[in-house]
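Reader: Hey, I'm new to reading protein structures. Can we go through one together?

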Amino acid sequence: MASYFDEHDCEPLRDGEQPDHLLHMARLLLDSGLAAEWDLEYGRVFGDGKVPPASKKVVEELPTRIVTPSEAAEEKKCPVCIGLFDEEDEVKELPCGHRFHSPCILPWLQKVNSCPLCRHELPTDDPDYENFKKQKARAKQREFELDNLHNSMFG
Ligand SMILES: [Zn+2]
Ligand SMILES: [Zn+2]
């Protein structure tokens with residue numbers, strides 16, 4: 001005689017199983033596993049300091065100023081050349097707020113997309129790298145979701 005489960009083509013649940021939660025959990029785990037593999041793949045390409053340069057447009061649009069006499073009097077130094085910001089020097093400011101001589105920071109940003117001091121990243125013109133960054137952000141979000149899920153199940 002056919003049981004309920006044969007007719008409905010599904011497995012009986014064991015005592016205490018919570019199908020929705022477990023399925024959701026499994027999917028999240030699978031997803032984050034895939035993201036980790038993806039991360040590894042791109043780590044090989046972009047690890048090793050092989051980062052793309054900062055976006056040309058972003059670099060062109062960096063705020064540029066001429067050092068004023070009062071700023072020169074503060075005797076602040078450019079972190080790249082360790083030289084003083086002298087009056088009339090041209091200075092660029094990165095989004096993180098760090099300032100550098102234009103001739104010091106421009107060649108850097110043609111090779112690397114981050115601030116030499118704090119590693120704050122600037123956008124790049126490299127679509128693969130931009131995807132990689134998005135993927136990293138999504139993997140972080142997944143970790144956060146997993147934590148929340150874990151807390152809601154076991155907390
Ligand atoms: Zn400098
Ligand atoms: Zn910085």
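Reader: Okay, starting with a histidine: is His98 buried, partly exposed or exposed?

Author: His98 is partly exposed, with a relative accessible area of 26%. Keep in mind that this is a predicted model.

Reader: What does His98 bind?

Author: The ND1 atom of His98 is one of the protein donors of the zinc ion (ligand 2). The others are the SG atoms of Cys96, Cys115 and Cys118, and the four donors lie 1.9 to 2.4 Å from the zinc ion.

Reader: And what's the arrangement around the zinc ion (ligand 2)?

Author: Tetrahedral, because the four donor atoms subtend angles of 106 to 114°. His98 sits in the loop between β2 (90–93) and β3 (99–101), while Cys118 sits in the loop between α5 (102–109) and α6 (127–154), so this pair ties together parts that are 20 residues apart in sequence.

Reader: What spacing do those donors follow along the chain?

Author: For the zinc ion (ligand 2), the spacing is C-x1-H-x16-C-x2-C.

Reader: Now the other zinc. Which residues are the protein donors of the zinc ion (ligand 1)?

Author: Cys78, Cys81 and Cys104 each give an SG atom, and His101 gives ND1. These donors are 2.1 to 2.3 Å from the zinc ion (ligand 1). The site is tetrahedral, with angles of 95 to 119° among its four donor atoms. Along the chain, the donors of this zinc ion follow C-x2-C-x19-H-x2-C.

Reader: Are Cys78 and Cys81 buried or exposed?

Author: Cys78 is buried, at a relative accessible area of 1%. Cys81 counts as partly exposed, at 38%. As for Cys104, that one is buried, with 17%.

Reader: With those cysteines around, how many disulfides are there?

Author: The structure holds zero disulfides.

Reader: Switching topic: what's up with the phi of Ile82?

Author: Phi of Ile82 is near 55°, which is positive in a residue other than glycine. Most residues other than glycine have a negative phi. Ile82 is in the loop between α4 (69–73) and β2, and counts as exposed at 55% relative accessibility.

Reader: And what about the phi of Glu88?

Author: Glu88 also has a positive phi, near 80°. You'll find Glu88 in the loop between α4 and β2, where this residue is exposed, with a relative accessible area of 60%.

Reader: Cool. How many salt bridges does the structure hold?

Author: Six. One of them pairs Lys57 with Glu61, with the closest N and O atoms 3.2 Å apart. Lys57 is exposed, at 54%, and Glu61 is exposed as well, at 56%.

Reader: Which residue does Glu71 pair with?

Author: Arg65, with 2.2 Å from N to O. Glu71 is buried at 17%, whereas Arg65 is partly exposed at 35%.

Reader: And which partner does Glu121 have?

Author: The side chain of Glu121 meets that of Lys133 in a salt bridge, 3.9 Å from N to O. This pair links distant parts of the chain, with Glu121 in the loop between α5 and α6 and Lys133 in helix α6, twelve residues apart. Separately, Arg65, Glu71 and Arg99 are joined into one network by salt bridges that share partners.

Reader: Last one: which residues is Ser114 in contact with?

Author: Leaving aside neighbours within four places in sequence, Ser114 contacts Trp108, Leu109, Arg119, His120 and Glu121. Ser114 is in the loop between α5 and α6 and is buried, at 6% relative accessibility.

Conventions:
Residues numbered from 1 in each chain as written. Chains lettered and ligands numbered in written order. Predicted model: local features only at pLDDT ≥ 70, side-chain atom pairs only at ≥ 80, totals over all residues. Heavy atoms only, no water. Disulfide = S-S within 2.5 Å. Buried < 20%, exposed > 50% of the residue type's maximum accessible area, 1.4 Å probe, protein only. Donors = N, O, S within 2.8 Å, 3.2 Å for Na, K, Ca; no water. Tetrahedral: all angles 85-135°; square planar, octahedral: opposite > 155°, others 65-115°. Helix = DSSP H or I, 4+ residues; strand = E, 2+ residues; numbered from the N terminus. Contact = heavy atoms within 4.5 Å. Salt bridge = Lys/Arg side-chain N within 4 Å of Asp/Glu carboxyl O.
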